[in-house]
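Dear colleague,

I am handing over a structure that you have not worked with before, and I would be glad if you could look it over before reading on.

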Amino acid sequence: MATASPPITPKAPGAPRSAFGLGQIGFLAGILVAVVVSLLPIEGLSPEGRRCLGLSLMAVIFWATKVAHPGYVSVALLTLYITLGVAPVEVTFGLWTKPIVYLVVGGYLIAAAVKGSGLGQRIAYQYILRFVTGYRSIIVGAYALGLVLSLLIPHPWPRSFLIMSVMIGIIKSSGMSRKDGANVGLAVFAGSAPTSMILLTGDSLINSIACQFSGQAVSWLGWLKYMGVPGLIASILTLVLQLKLYKPDGEFHLDKESIRQKLSEMGGFSPSERRCMFWVALAIVAWATDSIHGINTAWVALLAVVGLSMPMIGGVLKPPSWNDVPIATLLFLTAALAIGTVGAYTGMNEWLAGVLLPETVPANPFLFAALVTLLGVAIHMVLGSVLAVMGIVIPTIITFTAASGMNPLVPSLLVYTTLAMHYVLPIHHMNLLVGLGEDQGLYTDKDVMRLGLPLTAVVFVITIGVEVIWWRITGLL
């Protein structure tokens, strides 16, 4: 994860220069940890397990201290797993034999089609004209648009940037203050975290990872059954919290005429929009009925992509659309998942469960949910990366509960919910980090912290007070 570097203030002549920055310190610390842990005679952990633990901790330190771009760190970890004999290629790169990575690829390309055709922007304009009347409704609209567009765009980042591009026009035309504009931007990007929990394709990246780690086949409707209500309540509580914390700084006057003008300039539905709407609607129907026809959501996404690229029936996706598929993110995903799979292969996960967790699984499900949430929040505060923490914590908790007979989906979804919702600073959640700054979502670290600190209590409310009860009702627990 990387943010824009702060401006460098020139030093006065002769002023001492700092020898080490955070990246250099992290680089040396990561290597030292990897070497020491690999050589320590840790009882109950094999040599391969020690090397796995050392290299995994090194990668996490590199990610947290921004030693290099996450893609490069991921390549280093994957390569070292193989070259140092920790795990074979098929275990280390096992992700690429599974549907999840292709759902992510399909999600980015579908997002490119929805944005490039103009369909997403048209929906945003129509929503604003119909439902936005003032400051409160525009904050609500940021959350609502995120949920609506999650049906069409299976990844929160392109959804948020699309919505923000419309919101920027509203902020400028209304004469909104910088503070209120930042609140709107925060609603767009912060709202994308809980609203992405509702649908399996709401976030094709981490939602699919949660299923992958559990080892359970979860249909599109199955995810909606288990996560729809918790995700909806999480979205409402986050929205209410933001409305309470961020009061408008001044009067808000929405110039709906300018919105109508922009919509009028788009004209009627273009052929590209119609074809895009057809293929995305077809994909949604196929996703919703995957338990009937048995075709994985990833293959449905790729078939929709193929349709969107073909002449006459598609033509929306062009060769440059492939530039929207970030190879670095896919490698980061591979590395984060490899920590868990290689950890299981070497026995590291079992060892971690014995060290970090009590001897027995709490019989009370509320107490168990509290334990998992507390562990997830604590490790996330230190490590910062959602994917990296998922890669470590979910396999560890599943190993811990293996003898109890608990459905592995329960600990996996508890950890997922904790990390999908929790953040204090933008570095704790990529959904917030990608929108940080005056050129993106207009909000600052301080704005995020003001929401993130009390939101931590909401995380516990959702995992303990909502999910445990809901999963008992639906039969998961």
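Below is what was found in it, beginning with the whole chain and ending with one helix.

This is a predicted model, in which local features need pLDDT of at least 70 and side-chain atom pairs count only at pLDDT 80 or more, while totals for chains, interfaces and linings use all residues. Residues are numbered from 1 along each chain as its sequence is written, and side-chain values use heavy atoms, with hydrogens and water left out.

The chain has 22 helices and 0 strands, where helices (H or I, at least four residues) and strands (E, at least two) are DSSP runs numbered from the N terminus. Its radius of gyration is 23 Å, close to the 23 Å that the globule rule gives for 477 residues, so the chain is as compact as a globular protein of that length; the radius is taken over C-alpha atoms, and the rule is 2.2 Å times the number of residues to the power 0.38. Of the 477 residues, 56% count as buried, meaning under 20% relative accessible area with a 1.4 Å probe, protein chains only. Among contacts (heavy atoms within 4.5 Å) between residues at least 6 apart in sequence, 79% join residues at least 24 apart.

As for helix H5 (residues 99-117), its 19 residues should span 27 Å at 1.5 Å a residue, and its end C-alpha atoms are indeed 27 Å apart, the expected span being 1.5 Å times one less than the number of residues. Because 15 of its 19 residues are buried, H5 is largely enclosed by the rest of the structure. Just after H5, glycine 118 takes a positive phi of about 95°.

With kind regards

Note on methods
Buried means under 20% relative accessible area, exposed over 50%, partly exposed in between (1.4 Å probe, protein chains only).
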